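Biologist: Before we begin, please show me the sequence and the model. I would like to ask how some of the labels are justified.

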Amino acid sequence: MAEVLVYVDHVDGAVRKPTLELLTLARRIGEPVAVALGNGAADTAAALAEHGAVKVLTADAPEFADYLVVPKVDALQAAYDAVSPAAMLLPSSAESKEIAARLALRIGSGIITDAVDLEAGDEGPVATQSAFAASFTTKSRVSKGTPVITVKPNSAAVEAAPAAGAVEALSVSFSEKATGTKVLSRTPRESTGRPELTEAAIVVSGGRGVNGAENFGIIEALADSLGAAVGASRAAVDAGWYPHTNQVGQTGKSVSPQLYVASGISGAIQHRAGMQTSKTIVAINKDSEAPIFDLVDYGVVGDLFAVVPQLTEEIKARKG
């Protein structure tokens with residue numbers, strides 16, 4: 001069976017959930033070979049093997065941390081040359097999509113970004129994407145070279161599938177451009193204790209109907225009762241009620257959770273573009289004619305200040 005390279009997103013050896021989802025998808029089209037780079041790369045092997053990696057290629061060098069993107073592209077090109085894979089899969093983060101684009105250009109291959117599903121085809125992997133603000137679903141395949149595909153978080157379930165996970169050192173020769181852009185400083189992300197927005201299985205978002213930053217506490221309380229991430233519409237962010245890092249939509253972040261709860265959000269097209277691929281959508285809005293109700297699985301017409309606290313208390317009661 002052909003091998004499929006999977007780029008590992010990890011933090012000092014702790015493998016992030018989107019990578020484990022990629023291993024599930026990779027097993028559909030071949031044998032997953034993981035590529036882990038940077039500090040703690042070797043520590044990823046156990047988790048990767050548990051989820052189906054037959055082999056783990058590792059490399060650590062100061063360049064991966066000290067310079068942007070290009071050293072990782074060099075490493076993935078080295079892995080490509082060593083393995084000759086049937087496909088290369090990366091998570092759809094901003095950095096990974098830049099890596100994927102540069103890599104595809106180098107190896108003369110086509111690229112598909114933001115896939116939401118992947119299946120084996122007679123002429124290579126077939127990727128499913130959402131297009132035009134999720135109004136259409138397309139199926140595509142790369143017709144030239146080795147497919148380079150980035151996949152959105154929550155596109156597949158994490159499934160244990162123990163494999164050998166043999167660790168091998170990857171030899172990387174860095175190009176002249178590898179040291180072109182140096183990282184001068186890093187600021188750790190402030191921890192909220194909640195899941196990362198783009199990776200969360202449940203997202204609770206608030207919009208214009210929340211009517212002020214002081215009222216976002218009820219959105220956060222519902223999110224915390226569900227173990228969810230907190231999102232916000234552009235209107236709420238533009239009004240200064242919630243940070244831009246939590247904005248969901250065309251000009252913010254795209255999410256695809258198992259459950260998306262929209263509170264006080266009308267459902268403008270730019271917001272729908274960022275959340276319409278969610279598996280189950282629930283809306284709470286006092287306007288029964290709000291566009292958001294056109295795409296929901298469940299809708300509640302009511303005042304969010306009455307509905308959301310009751311929902312939060314009911315969830316807590318059932319849990320407790």
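Modeller: This is a predicted model. Helix α1, residues 17–29, is mostly covered, with 10 of its 13 residues buried. Among the buried ones are P18, L22 and I29.

Biologist: Why is E21 called buried?

Modeller: Buried means under 20% relative accessible area. E21 has 4%, so E21 is buried.

Biologist: What makes E21 and K17 a salt bridge?

Modeller: The limit is 4 Å between the side-chain nitrogen and the carboxyl oxygen. The closest N and O atoms of E21 and K17 are 2.7 Å apart, so the pair counts as a salt bridge. The two residues are four apart in helix α1, which means a separation of about one helical turn.

Biologist: Is K17 buried or exposed?

Modeller: K17 has a relative accessible area of 33%. That value lies between the 20% and 50% cut-offs, so K17 is partly exposed.

Biologist: How do you know that K139 and E119 form a salt bridge?

Modeller: Their closest N and O atoms are 3.2 Å apart, and the limit is 4 Å, so the pair qualifies. K139 lies in strand β9 and E119 in strand β7, so the salt bridge ties together parts that are 20 residues apart in sequence.

Biologist: Why is K139 called exposed, whereas E119 is called partly exposed?

Modeller: Exposed means over 50%. K139 is at 56% and therefore counts as exposed. E119 is at 33%, between the cut-offs, so E119 is partly exposed.

Biologist: How many salt bridges does the whole structure have?

Modeller: A search finds 15.

Terms used
Residues are numbered from 1 along each chain as its sequence is written. This is a predicted model: local features need pLDDT of at least 70, side-chain atom pairs count only at pLDDT 80 or more; totals for chains, interfaces and linings use all residues. Side-chain values use heavy atoms; hydrogens and water are left out. Buried means under 20% relative accessible area, exposed over 50%, partly exposed in between (1.4 Å probe, protein chains only).
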